[in-house]
Amino acid sequence: MLNKWFSVQAGADREGALDDVKALVEHADFSWTNPNRMRSVVSVFAANMAHFHAAGGAAYEWLGGVVEKVDKMNPQMSARLAGAFALHKRYDAERGALMRAQLARIKELPGVSKDVYEVCVRSLA
């Protein structure tokens, strides 16, 4: 039930959604090492079209940081999260460029996992 509550919050269409998601990952019941909990917040927010793809790219930067953090704990989950940037060609030039920039940055991280590296390389091709 708690995962559902996190999902509803992360997917909400309201002003300040990114700030809400940042607060959710600081919640006492959130755990970076619990894949279901992480999906209920991070993956749901990445699917929140109106707010994840908001102009300026702040959400892209945030997700890029999450991918970097999670890669050290769970490369498969991190690769799945990095996949949110894979559809960069479907968006306008500005958003596409911001997503590609995150893919390029993540790909060059020292010690990036093979899983994440492959997602980045395929997405940038």
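Me: Lys and Arg count as positive and Asp and Glu as negative, while His and the chain ends are left out. How far apart are the mean positions of the positive and negative charges here?

Reply: This is a predicted model. In the chain, 16 positive and 14 negative charges have mean positions 7 Å apart.

Me: Which charges pair up, and how many salt bridges does the structure hold?

Reply: The test is a Lys or Arg side-chain nitrogen within 4 Å of an Asp or Glu carboxyl oxygen. The structure holds four salt bridges. One of them joins Asp 92 and Arg 95, with the closest N and O atoms 2.6 Å apart. Another joins Arg 14 and Asp 20, at 2.7 Å between the closest N and O atoms. Glu 108 and Lys 107 also pair, with 3.2 Å between their closest N and O atoms.

Me: Is Glu 108 buried or exposed?

Reply: Apply the cut-offs: buried is under 20% relative accessible area, exposed is over 50%, and partly exposed lies in between. Glu 108 has 56% relative accessibility, so this residue counts as exposed. Its partner Lys 107 has 22%, so Lys 107 counts as partly exposed.

Me: What are the values for Arg 14 and Asp 20?

Reply: Arg 14 is at 35% relative accessibility and therefore partly exposed. Asp 20 is at 25%, so Asp 20 is partly exposed too. Asp 92, from the pair with Arg 95, is partly exposed because its relative accessibility is 36%.

Me: Now the fold. How many helices and strands does the chain have?

Reply: Read the elements from the N terminus on. The chain has eight helices and zero strands. The order is therefore α-α-α-α-α-α-α-α. The radius of gyration is 14 Å, close to the 14 Å that the globule rule gives for 125 residues, so the chain is as compact as a globular protein of that length.

Me: What does the C-alpha trace span along its principal axes?

Reply: About 40 × 30 × 15 Å. The accessible surface adds to that picture. It comes to about 6700 Å², and carbon and sulfur atoms hold 53% of it. Buried residues make up 41% of the 125 residues.

Me: What share of the contacts joins residues 24 or more positions apart?

Reply: Take the contacts with a separation of 6 or more. Residues 24 or more positions apart account for 57% of them.

Me: Let us try single residues. Where is His 51, and is His 51 buried or exposed?

Reply: Locate the element, then check the area. His 51 sits in helix α4, residues 49-52. At 17% relative accessibility, His 51 counts as buried, because the cut-off for buried is under 20%.

Me: What does His 51 touch?

Reply: Set aside residues up to four places away in sequence. His 51 then touches Ala 12, Asp 13, Arg 14, Glu 15, Ala 17, Phe 45 and Ala 59. Arg 14 on that list is also the salt-bridge partner of Asp 20. Ala 82 makes another reference point: 31 residues from His 51 in sequence and 17 Å away, C-alpha to C-alpha.

Me: Where is Asn 48?

Reply: In the loop between α3 (35-46) and α4. A loop residue can be checked for burial in the same way. Asn 48 has a relative accessible area of 7%, so Asn 48 is buried. Beyond residues up to four places away in sequence, its contacts are Ala 10, Gly 11, Ala 12 and His 53. Ala 12 also appears among the contacts of His 51.

Me: What separates Asp 71 and Val 116 in sequence and in space?

Reply: Compare the two separations. Asp 71 and Val 116 are 45 residues apart along the chain, with 7.5 Å between their C-alpha atoms. Asp 71 lies in helix α5, residues 58-71. Its relative accessible area is 10%, so Asp 71 is buried. Leaving aside neighbours within four places, Asp 71 contacts Ser 78, Gly 111, Val 112, Ser 113 and Val 116.

Me: And which helix holds Arg 100?

Reply: Helix α7, residues 93-107. Arg 100 is partly exposed because its relative accessible area is 34%. Outside four places in sequence, Arg 100 is in contact with His 88, Ala 93 and Leu 124. Pro 35 is 65 residues from Arg 100 in sequence and 25 Å away in space, C-alpha to C-alpha.

Note on methods. Residues are numbered from 1 along each chain as its sequence is written. This is a predicted model: local features need pLDDT of at least 70, side-chain atom pairs count only at pLDDT 80 or more; totals for chains, interfaces and linings use all residues. Side-chain values use heavy atoms; hydrogens and water are left out. Buried means under 20% relative accessible area, exposed over 50%, partly exposed in between (1.4 Å probe, protein chains only). Helices (H or I, at least four residues) and strands (E, at least two) are DSSP runs, numbered from the N terminus. The radius of gyration is taken over C-alpha atoms; the globule rule is 2.2 Å times the number of residues to the power 0.38. Contact means heavy atoms within 4.5 Å. Accessible areas come from the Shrake-Rupley method with a 1.4 Å probe; for residues, only the protein chains shown count as cover. The place of a charge is taken as NZ of Lys, CZ of Arg, CG of Asp or CD of Glu.
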